[in-house]
Amino acid sequence: MKTTLTTTAKKFTTTLATLAGVLAITLTTLITAGYASAANIAESSASTKAFQVKITGQGKPMILIPGLASSGDVWNDTVAHYASRYRCIVLTLAGFAGTPAISGPFLKQVEDELARYIGDNKLDHPVVVGHSLGGFLALKLASDYPDKVGKIVIVDSLPAMGAQQMPSITVAQLEEMARTMRDRMLQGDKTKQNANRRVTIATMVSKPEDIERIAIWGDQSDSNAVANAMYELLAQDLRQDISNITTPTLVMGTWIAYKDYVSRNVIETVFKTQFAKLPDVNIVLADHARHFIMIDDPKWLFEQMDTFLK
């Protein structure tokens, strides 16, 4: 069984890009972006052990969580769009994009500290927006603390990242597969990994300047933190837990980067199957954006979110 799972893990590593949303979790990427921020709107910052916070704008609270090894600056265009109507609370997670790493279980610490942050700051059912790993965190937060959150927006993420090619995989098998992948990341040749990074990122975002920006984020991320976060992400399965979510949820996925390997219908089926237990969900696929939808096609993303948030 171990040999079979190891072989499966190797295959999973090389073919992960064929399904929407997962490519981001294979990277040791991502910091320091240069999008225009919302003009004439006050900003403030704060931090906890598990994440740093940057606040822009005024109005109803909106929490924005970036993905694996991403800076919160990935949301700058989104903040510029919403800061006149929302108090945009942008996180950068520990160990990513130059922030200090933390020890111990990563996802649980981020989730629990975020729940405390919402309570301590008396945020009234904030909108929670998450990309990739950040989307997984948004789902986990809404599943475990359904009374604390408002509407949820998921950008190219799934409740069981590691189960896409093997829907019936057990938690024990997921854990072993994830551990194998983490070990391969940590033991791999760093020079080769760095050389392959931009090739991988090019499947996730279209413009060369964005590829370079995201690659720089990865250079400034803690490699152990990234590997361990990816391990936790792949080892968990929220497909049943999301039935606890009581708020409307918008899920935006992508598929065009993988059109040479799988059809749009296949990707759509993956999303619908994984979110089957979520009571109130609207799933839409972007036809002109890769994994970083907020960068590749912000106009489409804003159209979906504006309609959903009304």
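This text walks from the confidence of the model to helix α4 and then to Ser 157.

The model is predicted. Its pLDDT averages 86 over the protein, and 84% of the residues score at least 70. Residues 1-40 are another matter: there the pLDDT is below 50. Beyond near neighbours in sequence, that stretch still has 127 contacts in the model. Where pLDDT is low, the predicted coordinates should not be read in detail.

Turn now to helix α4. It covers residues 133-144, 12 residues in total. From first C-alpha to last, α4 reaches 16 Å, close to the 16 Å expected at 1.5 Å a residue. The helix is mostly covered, with 11 of its 12 residues buried. Among them are Gly 134, Gly 135 and Phe 136, as well as Lys 140 and Ser 143. The buried residues of α4 pack against strands β3 (60-65), β4 (86-93), β5 (127-131) and β6. They also pack against helices α3 (106-120) and α8 (223-235).

Next comes Ser 157. This residue sits in the loop between β6 (152-155) and α5 (171-187). Ser 157 counts as buried because its relative accessibility is 0%, and buried means under 20%.

What does the side chain of Ser 157 reach at 3.3 Å? The partner is the backbone nitrogen of Phe 136, one of the buried residues of α4. A polar atom of the Ser 157 side chain also lies 2.7 Å from the backbone oxygen of Ser 132. Leaving aside neighbours within four places in sequence, Ser 157 is in contact with Ser 132, Gly 135 and Phe 136. Val 251, Phe 271 and Phe 275 are also in contact with Ser 157.

Note on methods. Residues are numbered from 1 along each chain as its sequence is written. This is a predicted model: local features need pLDDT of at least 70, side-chain atom pairs count only at pLDDT 80 or more; totals for chains, interfaces and linings use all residues. Side-chain values use heavy atoms; hydrogens and water are left out. Helices (H or I, at least four residues) and strands (E, at least two) are DSSP runs, numbered from the N terminus. Buried means under 20% relative accessible area, exposed over 50%, partly exposed in between (1.4 Å probe, protein chains only). A polar contact is a pair of N or O atoms within 3.5 Å; within protein, one must be able to donate a hydrogen and the other to accept it, and residues adjacent in sequence count only if both atoms are side-chain atoms. Contact means heavy atoms within 4.5 Å. pLDDT is the predictor's confidence in each residue, from 0 to 100. The expected span of a helix is 1.5 Å times one less than its number of residues.
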